[in-house]
Amino acid sequence: MKSFLAAASLCVLASTAFAQTVGGKYSVAGTNFDGSPYKGTAVVTVSSKTTCRIVWQTGGTTSQGFCMLMGNALTAAYKLGSSVGLILYLVKPDGVLEGAWTIADKDGAGTETLTPAK
């Protein structure tokens, strides 16, 4: 029981610390399924200790999603037109989010890096 409580406490502390490192405006740099590059901006709004909202503006397109924060990972489900997608970011110590994304029922994956705006 003590080990369970210790593990649960660490998860709560990690989620709280993580939530403090994520949020705000970001520059976006990514690659599409075919390797072609794209750029844009994103805004992450923390909505609880474990969740957030994210809005991307890339190439004249706006997409919106919701996120889950856990440890050093942020995952988001998003809607792009009539498609839905999923992205998984690793949170780096400097606040940069490095990720890979895909769209439901499509072959392939893209990459994306969110860099905190200064």
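A search of the whole structure turns up 1 disulfide, a term used here for a pair of cysteine sulfur atoms within 2.5 Å. This is a predicted model, in which local features need pLDDT of at least 70 and side-chain atom pairs count only at pLDDT 80 or more, while totals for chains, interfaces and linings use all residues. Residues are numbered from 1 along each chain as its sequence is written, and side-chain values use heavy atoms, with hydrogens and water left out.

**The disulfide and its surroundings**

The bond joins C52 to C67, with an S to S distance of 2.5 Å. The angle about the S-S bond is -125°, and the link of C52 and C67 is left-handed. C52 sits in strand β3 and C67 in strand β4, so the pair ties together parts that are 15 residues apart in sequence. Strands here (E, at least two residues) are DSSP runs, numbered from the N terminus. Both C52 and C67 are buried, where buried means under 20% relative accessible area, exposed means over 50%, and partly exposed is in between (1.4 Å probe, protein chains only).

Which residues does T75 contact, leaving aside its neighbours within four places in sequence? They are F66, C67, M68, L86, I87 and L88, with contact meaning heavy atoms within 4.5 Å. So C67 of the disulfide is among the contacts of T75. The other cysteine, C52, is 23 residues from T75 in sequence and 9.7 Å from T75 in space, C-alpha to C-alpha. T75 itself lies in strand β5 and is partly exposed, with a relative accessible area of 27%.

**The barrel**

Now to the strands as a set. In the order β1-β2-β3-β4-β5-β6-β7-β8, 8 strands close into a barrel with antiparallel pairing. Neighbouring strands of this sheet are turned by 30° against each other on average, direction ignored; the axes behind this angle are lines fitted to C-alpha atoms, and angles run from 0 to 180 degrees between N-to-C directions. Two strands pair if DSSP finds at least two bridges between them. The table lists three of these pairings.

| Strand pair | Bridges | Residues opposite each other |
|---|---|---|
| β1 and β2, antiparallel | 8 bridges | K25 and V43 |
| β4 and β5, antiparallel | 7 bridges | F66 and A77 |
| β5 and β6, antiparallel | 8 bridges | T75 and L88 |

Two hairpins follow one another along this part of the chain. β4 and β5 form a hairpin with 2 residues between them, and G71 in the turn has a positive phi of about 60°. β5 and β6 also form a hairpin with 2 residues between them, where G81 in the turn has a positive phi of about 65°. As background, side chains in a regular strand alternate between the two faces of the sheet.

**The nonpolar core**

A nonpolar core is a set of buried Ala, Val, Leu, Ile, Met, Phe, Trp, Tyr and Cys residues joined through side-chain atoms within 4.5 Å. The largest one has 21 residues, and V22, I54, W56, L74, Y89 and L114 have the most contacts inside it. At least two residues of this core come from each of β1 (24–31), β2 (37–46), β3 (51–58), β4 (61–70), β5 (73–80), β6 (83–91) and β7 (97–103).

Y89 is a handy residue to click on in the viewer. Leaving aside its neighbours within four places in sequence, Y89 is in contact with I54, W56, N72, A73, L74, L97, E98, G99, E112 and L114.

**Aromatic pairs**

Rings of Phe, Tyr and Trp (its six-membered ring) pair if their centres lie within 6.5 Å; planes under 30 degrees apart count as stacked, over 60 as edge-to-face and the rest as tilted. By this rule there are 3 aromatic pairs. One of them is the stacked pair of F33 and W101, at 5.0 Å centre to centre with 25° between the planes. F33 lies in the loop between β1 and β2 and W101 in strand β7, so this pair ties together parts that are 68 residues apart in sequence. Are these two rings buried or exposed? F33 is partly exposed at a relative accessible area of 32%, whereas W101 counts as buried at 10%.

W101 also forms an edge-to-face pair with Y38, at 6.4 Å centre to centre and 70° between the planes. This pair links distant parts of the chain, with Y38 in strand β2 and W101 in strand β7, 63 residues apart. Y38 counts as buried, at 15% relative accessibility. Through ring pairs, F33, Y38 and W101 are linked into a cluster.

Note on methods. Helix = DSSP H or I, 4+ residues; strand = E, 2+ residues; numbered from the N terminus.
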